[in-house]
Amino acid sequence: MEYYFQVDYSPDNSFDDLGADHSAAGKAPYDMTELENIKGTRPQRMPREARRRQLLQAAHQVFVAHGYHGASMDEIAEVALVSKPVLYQHFPGKRELYLALLDSHLADFSRQLDEAIRSTNDNRERVFATINTYYSYIKGESQAYRLIFESDVLSDPLIAHRIEQFNSSLASSIARVVVEDTDMSEDEGLLAGRALAGLSQVSARYWATSESSVDQEAAVELISRLAWRGISQFPKEN
């Protein structure tokens, strides 16, 4: 039986491209020395949307370097090469700026998961592709991942709501597939969806932050086989 599921995280304000270069896996686009070097450079005029992306990029650098509580709007404006009034024209406060940045990262991650799901019609390959996306994202976009899942403000109600919205959407998408292809109830499928999403996230985080000798392809194959064999134990009754 062919099945399909889609991640549908749709924040109010999302941005597909922050203009940052993440070509070095796990490395922030700028380190602390580079942040200091770009301060004081002469600002340039640019269209509003381009300016907004620039501000989000600067905020990313500062939040990564200092965390939410250690970051200041003064430094974000300085790194972005704009005055504070210009920064406040786009974002009324640090919390709103952080939420916009979080929405951008979540939308990008959701897009990558959706592309993995769409990449094949083979069900087992879909499981592999989706789990592989988790591993690739955590390895290649580790700073963005940390801002999403390891922030120092996860207890903030609005931020927690954004994360829960993402997790719930992914789990629901998985659940629809599980229910369609097995004899599980909707509630059982949702529980299984949460478990499979958690399996991907926790194992990928451990793999990316440890000195494991297991390469990415072997790690993803191991976890996807574990997930697939678990699902296969609940065949749909005819």
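Student: Let's start with L87: which residues does L87 touch, not counting residues up to four places away in sequence?
Tutor: Keep in mind that this is a predicted model. L87 is among the residues that touch the most other members of the largest nonpolar core. Leaving out residues up to four places away in sequence, the list for L87 is L55, M73, I76, A77, V82 and L97.

Student: And which helix gives the most to this core?
Tutor: The core holds 53 residues, with F63, I76, L87, L97, Y134 and Y135 touching the most other members. At least two core residues each come from α2, α3, α5, α6, α7, α8, α9 and α10. The biggest giver, with 9 residues, is α5.

Student: Stepping back, what pattern does the protein follow along the sequence?
Tutor: There are 10 helices and 0 strands. Read along the sequence, that comes out as α-α-α-α-α-α-α-α-α-α.

Student: Of contacts between residues at least 6 apart in sequence, what percentage join residues at least 24 apart?
Tutor: One pair to look at is A227 and R124, which sit 103 residues apart along the chain with their C-alpha atoms separated by 9.6 Å. Another is F109 and A144, 35 residues apart in sequence and 9.3 Å apart C-alpha to C-alpha. Across contacts between residues at least 6 apart, the share joining residues at least 24 apart is 75%.

Student: How much of the exposed area do carbon and sulfur atoms supply?
Tutor: Start with what is covered: buried residues make up 47% of the 238 residues. The protein exposes about 12500 Å², and the part of that supplied by carbon and sulfur atoms is 48%.

Student: Is F109 buried or exposed?
Tutor: F109 lies in helix α5. Beyond its neighbours in sequence, F109 touches T133, Y134, Y137, F149 and F166, with residues up to four places away not counted. Its relative accessibility is 0%, and the cut-off for burial is under 20%. So F109 counts as buried.

Student: What about A227: what is its relative accessible area?
Tutor: A227 is found in helix α10. Leaving aside neighbours within four places in sequence, A227 is in contact with V127, I131, L196 and L199. A227 is buried, and its relative accessible area is 7%.

Student: How many of the residues of α7 are buried?
Tutor: The buried ones are S142, Q143, A144, Y145, L147, I148 and F149. What covers them includes α2, α5, α6, α8 and α9. The helix is largely enclosed by the rest of the structure, because the buried count is 7 of the 8 residues.

Student: Now α3: how many of its residues are buried?
Tutor: In α3, the buried residues are M73, E75, I76, A77, V79 and A80. I76 also turned up among the core residues that touch the most other members. That leaves α3 mostly covered, with a buried count of 6 of its 8 residues.

Student: Which residue takes a positive phi just after α3?
Tutor: Most residues other than glycine have a negative phi. The residue here is not a glycine, yet its phi is about 65°. It is found in the loop between α3 and α4, and its name is L81.

Student: How do α2 and α3 lie with respect to each other, oblique or parallel?
Tutor: Two packed helices are described by the angle between their axes and the distance between the axes. For α2 and α3, the axes come within 8 Å and cross at roughly 125°. The contact is made by R51, Q54, L55, A58, A59, V62, F63 and H66 of α2 with E75, I76, V79 and A80 of α3. The crossing is right-handed, and the angle makes α2, relative to α3, oblique.

Student: And at roughly what angle do the axes of α8 and α9 cross?
Tutor: On the α8 side the meeting residues include E164, N167, L170, A171 and I174, and on the α9 side they include G189, G193, L196 and A197. α8 passes α9 in a right-handed crossing. The two helices are oblique to each other, since their axes come within 7 Å and cross at roughly 120°.

Methods. Residues numbered from 1 in each chain as written. Predicted model: local features only at pLDDT ≥ 70, side-chain atom pairs only at ≥ 80, totals over all residues. Heavy atoms only, no water. Core = buried A, V, L, I, M, F, W, Y, C linked by side-chain atoms within 4.5 Å. Buried < 20%, exposed > 50% of the residue type's maximum accessible area, 1.4 Å probe, protein only. Helix = DSSP H or I, 4+ residues; strand = E, 2+ residues; numbered from the N terminus. Contact = heavy atoms within 4.5 Å. Areas by Shrake-Rupley, 256 points an atom, 1.4 Å probe, with all protein chains shown as cover. Axes fitted to C-alpha atoms, helices over the stretch in contact; angles between N-to-C directions. Parallel < 35°, antiparallel > 145°, perpendicular 65-115°, else oblique. Left-handed = near helix turned anticlockwise from the far one by under 90°.
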